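Student: Please take me through the largest pocket in detail, then through the surroundings that help to place it. Which residues are closest to the centre of the largest pocket?

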Amino acid sequence: MASLNPALALLCGILLCFVVQISLAAKVRHHKWEVEYMFWSPDCEEHVVMGINGQFPGPTIRATAGDTIVVELTNKLYTEGVVIHWHGIRQFGTPWADGTASISQCAINPGETFVYRFKVDKAGTYFYHGHFGMQRSAGLYGSLIVEVAEGEKEPFHYDGEFNLLLSDWWHQSVHEQEVGLSSKPFRWIGEPQSLLINGRGQYNCSLAAKYSNSSSVPACKLRGNEQCAPQILHVEPNKTYRLRIASTTALASLNLAIGGHNLVVVEADGNYVQPFAVDDMDIYSGESYSVLLRTDQDPSKNYWLSVGVRGREPKTPQGLTILNYKPTSASRLPPIRPPVTPRWNDTDHSKAFTNKTLALMGSPKPPPTSHRQILLLNTQNRIDGFTKWALNNISLALPPTPYLGSMKFGLKGAFDQASAPEKYDESYEVMKPAVNQNTTYGNGVYVFDLNSTVDVILQNANALANGTSEIHPWHLHGHDFWVLGYGEGKFTEADVKKFNLKNPPLKNTAVIFPFGWTALRFVADNPGVWAFHCHIEPHLHMGMGVVFAEGVQKVGRIPSSALACGMTGRRVANKN
């Protein structure tokens, strides 16, 4: 038998070693979950929450870039469907795993199991949450942390890490909230009863009662093992800690601060940014950040970490926990009151933080021009007396058949085939209530050429009430986008010259401020159908979203379990 050429043998050995290294580095991480309602006391009052495997919040997923995550999800809710969206994971090649009911898949029926299988291609701070009805408001959420791939390094150093998942909590059930939002007369959900840090808050008592001018709120008497007891951040002096912060709030825009300490922002939505120091930071629903904290203060003291409401008149107490310097006792309260949250309507403070967020040098830059521009006017409207939100005068009403299947198989009757409106009437006065406040339902799709560059201009406007314009954080599934700029008043083509093409941040969630506009640019390079919507849960429930699609015919085989409803369900049944 002829011997192998030595040089060829060496090359084969090197290649085999390389393949083995890759296979060892990238792992498949399996999780088996059951979603169910359970009694819990997130803020020291017992209510029903939506949990996973008996936990609230759900289990934290940790993975390494390049890993494949497999979640075998069983619905034990008995009377309603469920899906889970992996917020910030772009789902290249697996659009059916995005977890958006009526868009990427059918809701998972009670008693059924659906397997999510997807690759996490990029390191960063992410989270997951329910995306059917208002199940995020019910507590269906958890953290998803992706570490850098083996052999790679972060562009910053830290000695330890903490994960902070922020949320808001109501005592009224989600089902009551949904009925109220869909009622005539309209019943608003009101402000949350409490703010939660890692699923923990305090209602009708305060950790910082001794510093309050009011005697109406007593001090919390906690042993530390209660479900509502704060998770204390134990730190050592003169170290650097990474705080991974994500907001899965249903309504509240938040501000976070740590008494006596600066925070250095280094990551936003899974993308590195130019480091910048702040005393406090705003974070909107759907956003995630990493900040570096240097423990350089007096180690004989403890310090407050506070979370307060921004953008809405706060009727919810701050969420609090303690930064505990070892070896100081964690039971010793900080000597001064918690940091005061900036005034709720101080938008200049918010804009100053947002404008500091710029891409780290070496980050991908946006294409210099776009192939298409979509102007989306955000308005509050009415349909037959019901209060709704609309984009370009259309309030989104999702169809019973998932778009991904209906578009892949050419099922024309599944949704509105008319072209979705790409702009609004130029005469519309964004600073005043609409002359005609009525709108219509729709579910058309914005279809983009694959690999084309798209600009989206989000235009805010006066709501139904005169002089009112709300903050809206917008989240795009399946992509990151460049935030090219923000502006006041009505966007005009002259504003294009103001776009930041040098170092705009890459994000998946961006805010539009009251009576202003935000400009985004993305490349439509991910075959599939993708939601783009306001991340405020009741606003999406009231129609504040649109649907994008590109390259759907290039999508591979879609699992039949994702399509077992509506017209695609009948198609699957007939094939079997």
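Tutor: The pocket comes first, then one strand of its lining, then the cores, a helix and some backbone details.

This is a predicted model: local features need pLDDT of at least 70, side-chain atom pairs count only at pLDDT 80 or more, and totals for chains, interfaces and linings use all residues. Residues are numbered from 1 along each chain as its sequence is written, and side-chain values use heavy atoms, with hydrogens and water left out.

The largest pocket holds about 680 Å³ of space. A pocket here is an open set of points on a 1 Å grid over the protein atoms alone, where a 1.4 Å probe fits and protein lies on both sides within 12 Å along at least five of seven lines. Its volume is the space filled by probe spheres set on the points, which are joined across faces, edges and corners. Lining residues have an atom within 4 Å of a point. There are 32 of them, and Ser-206, Thr-316, Pro-317, Gln-318 and Arg-337 are the closest to the centre. By class, 16 are nonpolar, 13 polar and three charged. Ala, Val, Leu, Ile, Met, Phe, Trp, Tyr, Cys and Pro count as nonpolar; Asp, Glu, Lys and Arg count as charged; the others, Gly among them, count as polar.

Two strands each give the lining at least two residues: S18 (303–310) and S19 (319–325). Strands (E, at least two residues) and helices (H or I, at least four) are DSSP runs, numbered from the N terminus. Strand S18 contains Val-307. Val-307 counts as buried because its relative accessibility is 2%. Buried means under 20% relative accessible area, exposed over 50%, and partly exposed in between (1.4 Å probe, protein chains only). Beyond four places in sequence, Val-307 contacts Leu-166, Leu-195, Ile-197, Leu-254, Asn-255, Leu-256, Gln-318 and Gly-319. Contact means heavy atoms within 4.5 Å. Gln-318 thus appears both in this list and among the residues closest to the pocket centre. Leu-333 is 26 residues from Val-307 along the chain, and their C-alpha atoms are 17 Å apart.

Next, the cores. A nonpolar core is a set of buried Ala, Val, Leu, Ile, Met, Phe, Trp, Tyr and Cys residues joined through side-chain atoms within 4.5 Å. The largest has 84 residues, and Trp-86, Tyr-116 and Phe-532 touch the most other members. Apart from it lies another core, of 32 residues, including Leu-243, Val-273, Val-291 and Leu-305.

Helix H6 (residues 566–575) has two sides. Thr-568, Gly-569 and Val-572 are buried. They lie on the same side of H6 because they cover an arc of only 105 degrees around the axis, taken from the directions from the helix axis to the C-beta atoms. Arg-570 and Asn-574, on the other side of H6, are exposed. The buried residues of H6 pack against helix H4 (403–408).

Finally, the backbone. The peptide bond from Lys-184 to Pro-185 is cis, with omega near 5 degrees. Pro-185 sits in the loop between helix H2 (174–181) and strand S10 (194–197). Tyr-78, a residue other than glycine, has a positive phi near 75 degrees. Tyr-78 counts as exposed, at 65% relative accessibility. Phe-515 is not a glycine either, yet its phi is positive, about 55 degrees. Phe-515 counts as buried, at 18% relative accessibility.
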